[in-house]
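Work through the exercises below with the sequence and the 3D structure open. Each task is followed by a solution in steps.

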Amino acid sequence: MKILIIGSGGREHALAWKLRQSPHAERIFCAPGNAGTADVGENVAIPASDLQALARFAKENRIDLSVVGPDDPLAAGIVDLFAAEKLRAFGPTKSAARIEASKIFAKELMRAQKIPTAQAGTFFLSNEALRYCERLKFPVVIKADGLALGKGVIIAPDTGTAKSTIDEMMNQGRFGKAGRRIVIEEFLQGTECSLHALVDGKNYLLLESARDHKRALDGDRGPNTGGMGAFSPADNWNSKLQSQFERKIMRPLLSGLLKEGIKFRGLLYPGLILTSEGPRVLEFNCRFGDPETQALLPRLKSDLLPLLEGTIDGTIDKCAIEWDARAAVTVVLASAGYPGKYETGKTISGLDDAAQLEDVRIFHAGTKDDAGEIKTAGGRVLAVTALGSTIEAARTRAYEAVSRIHFENCHYRRDIALSAVAANIDKLP
Ligand code: AMP
């Protein structure tokens with residue numbers, strides 16, 4: 001099979017790396033890819049936002065399967081476009097991708113299906129949003145309706161911040177069109193966890209649990225980022241929570257989507273917060289997580305390709321999935337300044353040395369090959385994953401690999417998976 005992977009991050013490198021191992025994969029293309037994907041397959045200089053050019057490439061090169069990494073092309077309808085051209089693509093249609101692209105759509109669906117989530121109001125007019133705030137207990141969470149690169153969620157500790165946030169989002173265009181409509185919801189207490197599910201419209205197959213670290217700095221301080229690290233399995237997850245999750249969230253969600261006439265086919269991952277009253281949904285994502293994928297795929301023993309095919313064909317209930325019992329820890333190396341302004345073009349050294357460590361995988365994100373030299377080319381530069389018999393062992397190995405990699409002004413968190421170390425010792429083999 002000829003496979004096209006769309007996107008250029010660590011997630012796409014991990015997908016390409018895993019699909020490369022499939023006996024059915026003949027050629028792998030990545031558009032636009034990065035210096036890491038160029039090692040696994042062939043990079044194609046088409047940005048993930050140029051849907052027409054991607055469809056043209058897929059058609060001309062007789063691509064058998066396209067796998068869409070990021071949310072933006074999904075929200076823009078890439079899967080619908082590919083279907084119209086009789087091209088096979090993994091990911092939800094534009095209508096199904098609204099579950100991530102519109103927080104209001106997701107909230108209304110959850111309300112209709114009584115799926116546990118934070119109590120919320122949805123607003124189209126700023127004066128109504130401001131009035132609503134007057135009767136709330138603080139802090140509150142204010143969310144832009146649309147996609148805002150993970151930055152559209154503001155936790156407002158007091159009325160003043162809430163008012164200025166509402167004004168900035170709804171009247172000043174802080175997040176452009178994405179912030180014209182907003183959700184205001186109660187602040188929930190608890191630890192977070194993500195569950196990935198391959199959903200074929202009617203049925204789903206759960207992947208292993210994972211946790212990510214969204215804030216830029218140690219101790220969960222600093223601004224929110226795309227993700228500074230992840231680990232799997234999640235230390236706060238167990239079979240009791242999983243059965244609650246399946247009964248109260250996944251099943252009602254799929255029937256709610258079907259009631260709306262939506263067949264969701266692709267990867268669906270709800271971001272959960274585990275409160276004293278059980279799991280609550282914070283958000284839905286309609287594609288593989290980044291960096292969760294970099295922690296999950298090294299643990300996946302099964303061939304990923306038939307799982308993606310089963311999702312598209314509506315036969316995921318017939319697919320089996322096998323996992324490595326070991327834990328995985330992923331540490332993201334970023335350019336200083338990320339998620340704000342950062343410099344690029346720094347030479348990266350030590351990659352080969354780090355890759356020599358056993359059970360270590362180095363996934364590239366913002367990197368490029370500059371005449372044989374690998375240089376930084378983005379905010380998140382690399383995701384370094386290590387497997388280990390415990391979270392602690394995986395963590396030690398991941399940081400050993402990180403210590404061998406160098407580029408000017410490299411920034412990474414030192415506390416990835418740290419909170420899970422003691423908790424996991426008796427749970428893992
Ligand atoms: P979201 O994009 O909706 O997942 O929000 C990004 C982050 O904001 C989440 O990972 C949480 O850390 C935080 N967050 C979102 N909604 C809430 C909430 N209702 N209560 C507490 N924290 C929240």
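**Exercise 1. State how many cavities of 30 Å³ or more a search of the whole structure finds, and describe the largest cavity.**

Step 1. The search turns up one cavity of 30 Å³ or more. On a 1 Å grid over the protein atoms alone, a cavity is a set of points where a 1.4 Å probe fits but cannot get out.

Step 2. The largest cavity holds about 100 Å³ of space. Its volume is the space filled by probe spheres set on the points, with grid points joined across faces, edges and corners.

Step 3. The lining has 14 residues, and Lys-103, Ala-106, Met-110, Leu-282 and Glu-283 are the closest to the centre. A lining residue has an atom within 4 Å of a point.

Step 4. Two or more lining residues come from each of helix H6 (94–101), helix H7 (103–113), E9 and E16. H7 gives the most, with four residues. Helices (H or I, at least four residues) and strands (E, at least two) are DSSP runs, numbered from the N terminus.

Step 5. By class, the lining has six nonpolar, two polar and six charged residues. Here Ala, Val, Leu, Ile, Met, Phe, Trp, Tyr, Cys and Pro count as nonpolar, Asp, Glu, Lys and Arg as charged, and the others, Gly among them, as polar.

A note on the source: this is a predicted model, in which local features need pLDDT of at least 70 and side-chain atom pairs count only at pLDDT 80 or more, while totals for chains, interfaces and linings use all residues. Residues are numbered from 1 along each chain as its sequence is written, and side-chain values use heavy atoms, with hydrogens and water left out.

**Exercise 2. Describe the residues around the ligand and their polar contacts.**

Step 1. There are 13 residues around the ligand, and Glu-185, Glu-186, Leu-188, Glu-192 and Glu-283 come nearest. A residue is near a molecule if one of its heavy atoms lies within 4 Å of it.

Step 2. The shell is made up of six nonpolar, no polar and seven charged residues.

Step 3. Look for polar contacts (pairs of N or O atoms within 3.5 Å; within protein, one must be able to donate a hydrogen and the other to accept it, and residues adjacent in sequence count only if both atoms are side-chain atoms). A backbone N or O atom of Leu-188 is 2.8 Å from a nitrogen atom of the ligand. Lys-214 places a polar side-chain atom 3.4 Å from a ligand oxygen atom. A polar backbone atom of Leu-282 is 3.5 Å from an oxygen atom of the ligand.

Step 4. Strand E7 (140–144), strand E9 (182–186) and strand E16 (278–285) are the elements that give two or more residues to the shell.

**Exercise 3. Arg-62 and Ala-417 have positive phi values: which is buried and which is exposed?**

Step 1. Arg-62, not a glycine, has a phi of about 50°. Arg-62 sits in the loop between helix H3 (51–60) and strand E4 (65–68).

Step 2. Ala-417 has phi near 65°, and is found in the loop between strand E22 (410–411) and helix H15 (421–424).

Step 3. Apply the cut-offs: buried means under 20% relative accessible area, exposed over 50%, partly exposed in between (1.4 Å probe, protein chains only). Arg-62, at 66%, is exposed. Ala-417, at 0%, is buried.

Key
On a 1 Å grid over the protein atoms alone, a cavity is a set of points where a 1.4 Å probe fits but cannot get out, and a pocket is an open set with protein on both sides within 12 Å along at least five of seven lines; lining residues have an atom within 4 Å of a point.
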